[in-house]
Amino acid sequence: MQWLVFALLVVGSSVASFVARERRFRRRWQNVELPAITVGHGAYRAGPASGAMMPSAPLALRVAALSCLVYGRGVTTALVGTALYHAGVPLRGLAEATLHGLVGYLAGGYGFGALAAIVLAALALAAGNDLLLRNHRHAFQRTRNIALASLALHGLVWANITFHGHIVASTARNVADSLAYARSIAAVAFGHAALMLALAYAYRAQLSALSPAERKLDL
């Protein structure tokens, strides 16, 4: 039951936040021109036509933004649930899974992996906002940097655990379960970061595009 409540809370709050932000900042995407298209037929009748504007952010970027919000809120909610468990709230399953993940990242991430993963989850929220906001100066660069940092951290943790690399842990403590949790989390997070990086480059032109008003201000 607690996992159902957790999922509903994370997904529900993320969707609500996404809908509010997407509607609020949609006009920024509506200032981006669509690529020119060829109209007409024949050697002397065909020609390029431009001037149409995007109705909203591309679907792939909207899905990516929502995934960033779910990822960031999921980590935050899990940490809050763990704190509540230690305060007496019956959330043992959630707390145990969260602690296993933290211990696994601590062991597989040279001692700093757990803290870095929490920071990156917070930055993922910022990346989701950037994709919806379409700040032409920062959206692409910040999304790319967050994705690269996430690839480095989660790739390191996954590789250390998978290939029995340098594991920071006491020899008196069995961390096998924690490492298994962390390895699964790292694989999913690495895939998400790779997708974010690919989308950032695929839509770099749209993320960095200047509206006519912005072009005048930059002159």
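Start by selecting H154 in this predicted model. Leaving aside neighbours within four places in sequence, H154 is in contact with Y71, Y105, L120, A186, A189 and F190. Show the side chains of H154 and Y71: a polar contact of 3.4 Å joins them. Next, colour helix α5, residues 139-162, which holds H154. Is H154 buried or exposed? Its relative accessible area is 2%, so H154 counts as buried, the cut-off being under 20%.

Now select helix α2, residues 59-86. At 1.5 Å a residue, its 28 residues should span 40 Å. Set a distance between the end C-alpha atoms of α2: they are 41 Å apart, which agrees with the expected span.

Stay on α2 and pick out its buried residues: L61, A64, A65, C68, L69, G72, G74, A78, G81 and T82. What do the buried residues of α2 pack against? Show α1 (2-29), α3 (92-108), α4, α6 (176-202) and α7 (204-208), which are their packing partners. Then step just past the end of α2 to G88, where phi is positive, at about 115 degrees.

The last stop is I118, in helix α4, residues 113-133. Not counting residues up to four places away in sequence, I118 touches L79 and L102. Select the C-alpha atoms of I118 and L79: they are separated by 9.2 Å, while the two residues lie 39 residues apart along the chain. Switch on the surface at I118, which has a relative accessible area of 30% and is therefore partly exposed.

Note on methods. Residues are numbered from 1 along each chain as its sequence is written. This is a predicted model: local features need pLDDT of at least 70, side-chain atom pairs count only at pLDDT 80 or more; totals for chains, interfaces and linings use all residues. Side-chain values use heavy atoms; hydrogens and water are left out. Helices (H or I, at least four residues) and strands (E, at least two) are DSSP runs, numbered from the N terminus. Buried means under 20% relative accessible area, exposed over 50%, partly exposed in between (1.4 Å probe, protein chains only). A polar contact is a pair of N or O atoms within 3.5 Å; within protein, one must be able to donate a hydrogen and the other to accept it, and residues adjacent in sequence count only if both atoms are side-chain atoms. Contact means heavy atoms within 4.5 Å. The expected span of a helix is 1.5 Å times one less than its number of residues.
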